[in-house]
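Me: I've got a protein model open and I'd like to understand the words people use for its parts. Can you go through it with me?

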Amino acid sequence: MKGLQPVDYSARHESFERWIQTPLGRALLASQRRVLDHHLDGLTGARQLQVGLSHRLPLASGTDFSQKIITTPAWYTHMPDGVAVCDADDLPFPGDSMDLVILHHTADFSPDPHQVLRESARVLRGEGHLALIGFNPLSLWGARKIVSRHQLGPWGGRFLLRSRMEDWLRLLGFQLEGSATFFCTLPLQRKGNYISRQSKDLDCHGHFLPVGAYYCILARKRVYARLQRRVPWRKTRVVSLPGAVGSHGTCASTGTVKKQQNSSGV
């Protein structure tokens, strides 16, 4: 039996970017921008990092961060400032350096989606925020991927379960703050307006049934303060005080009392 051919993720990235320029792709991207603008409104900090498939698909442009960085897996001529060329599972940034990390279908088009989340957790500072967008397999779009004969556009992605992504985030020390699916639109190219006013309102709150084309997970990196080791008491230099007895019959106050040697004792 012949072995499976390795996946050309570079070609799938380019195919997805071309598909985004179609009417259905532009409607999907517009929905995702509205969702992030709504849910990330009010966040501030020093650095915002978007880890995606192309620098030409910026998200959350309205957030108030001093520096905004976008990563792309391939180099192109005339790339603007603030773009870093790197793989999503090997980010060239120091740990605890980002205040917000946005993963735009990054896990869908990565050979190691779990490592993508680990790298995002590494560069994100404690109490920093993460927004993850991925295709929902439990939707008409997921059904379209199953029956699709080609791997072009979004159908070349993994379509990972939202519950699996949430479990991975919990294991990495994240606290989930929001999770919903969006964009209940048939995965068919057609002319006209894809999104009605009602659909735009749903973009802000998610659909009642988890059948939207994509999901957005919002999480915060929890960092628990280390317990400081108590300075060991030196019993020879501490005397007991009446009415304030500790666990070993020593002084229970915050300070220590030195013995004073005199002829009458203490």
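Reply: Sure, and keep in mind that this is a predicted model. A good place to start is the largest nonpolar core, which has 32 residues; Phe 16, Leu 36, Leu 40, Ile 102, Trp 141 and Phe 183 touch the most other members. The elements that give two or more residues to this core are helix 1, helix 2, strand 4, strand 5, strand 6 and strand 7. Helix 2 provides the largest share, six residues.

Me: What is Leu 36 in contact with, leaving aside its neighbours within four places in sequence?

Reply: Asp 41, Leu 59, Ile 102, Ala 131, Ile 133 and Cys 216. Contact here means heavy atoms within 4.5 Å. There's also a second, separate core of 27 residues, and its members include Leu 91, Leu 103, Leu 117 and Met 165.

Me: Why is Phe 183 called buried?

Reply: Buried means under 20% relative accessible area. Phe 183 has 3%, so the label fits. You'll find Phe 183 in the loop between strand 6 and helix 6 (197-205). Its phi is near 70 degrees, a positive value in a residue other than glycine.

Me: And what about Ala 60, buried or exposed?

Reply: Buried, because its relative accessibility is 1% and the cut-off is 20%. Ala 60 sits in the loop between strand 1 and strand 2 (64-72). Ala 60 also has a positive phi, near 50 degrees, though the residue isn't glycine.

Me: How do you know that the span of helix 1 agrees with what it should be?

Reply: Helix 1 covers residues 9-20, which makes twelve residues, and at 1.5 Å a residue they should span 16 Å. The end C-alpha atoms are 16 Å apart, so the two values agree. At the start of this helix, a side-chain oxygen of Asp 8 comes to within 3.3 Å of the backbone nitrogen of Ser 10.

Me: What makes that a polar contact?

Reply: The cut-off for a pair of N or O atoms is 3.5 Å, and this oxygen and nitrogen are within 3.3 Å.

Me: Which elements do the buried residues of helix 1 pack against?

Reply: Helix 2 (23-39), strand 5 (124-135) and helix 4 (140-147). Among those buried residues are Tyr 9, His 13, Phe 16 and Trp 19.

Me: Now the sheet. Why is one side of strand 3 and of strand 6 left without a neighbour?

Reply: Seven strands form an open sheet in the order 3-2-1-4-5-7-6, with mixed pairing. Strand 3 (83-85) and strand 6 (174-182) stand at the edges with a single partner strand each, so one side of each has no neighbour in the sheet. On average, neighbouring strands are turned by 15 degrees against each other, direction ignored.

Me: How do you know that strand 1 and strand 4 pair?

Reply: Pairing needs at least two bridges. Strand 1 (residues 44-51) and strand 4 (residues 98-104) are joined by four, and they run parallel. Strand 5 and strand 7 pair in the antiparallel sense over seven bridges, with Ala 131 opposite Leu 218. Strand 6 and strand 7 also run antiparallel, joined by eight bridges, and there Phe 182 stands opposite Tyr 214.

Me: What makes strand 7 largely enclosed?

Reply: Seven of its eight residues are buried, so the rest of the structure largely encloses strand 7.

Methods. Residues are numbered from 1 along each chain as its sequence is written. This is a predicted model: local features need pLDDT of at least 70, side-chain atom pairs count only at pLDDT 80 or more; totals for chains, interfaces and linings use all residues. Side-chain values use heavy atoms; hydrogens and water are left out. The expected span of a helix is 1.5 Å times one less than its number of residues. Buried means under 20% relative accessible area, exposed over 50%, partly exposed in between (1.4 Å probe, protein chains only). A polar contact is a pair of N or O atoms within 3.5 Å; within protein, one must be able to donate a hydrogen and the other to accept it, and residues adjacent in sequence count only if both atoms are side-chain atoms. Axes are lines fitted to C-alpha atoms, for helices over the stretch in contact, and angles run from 0 to 180 degrees between N-to-C directions. A nonpolar core is a set of buried Ala, Val, Leu, Ile, Met, Phe, Trp, Tyr and Cys residues joined through side-chain atoms within 4.5 Å.
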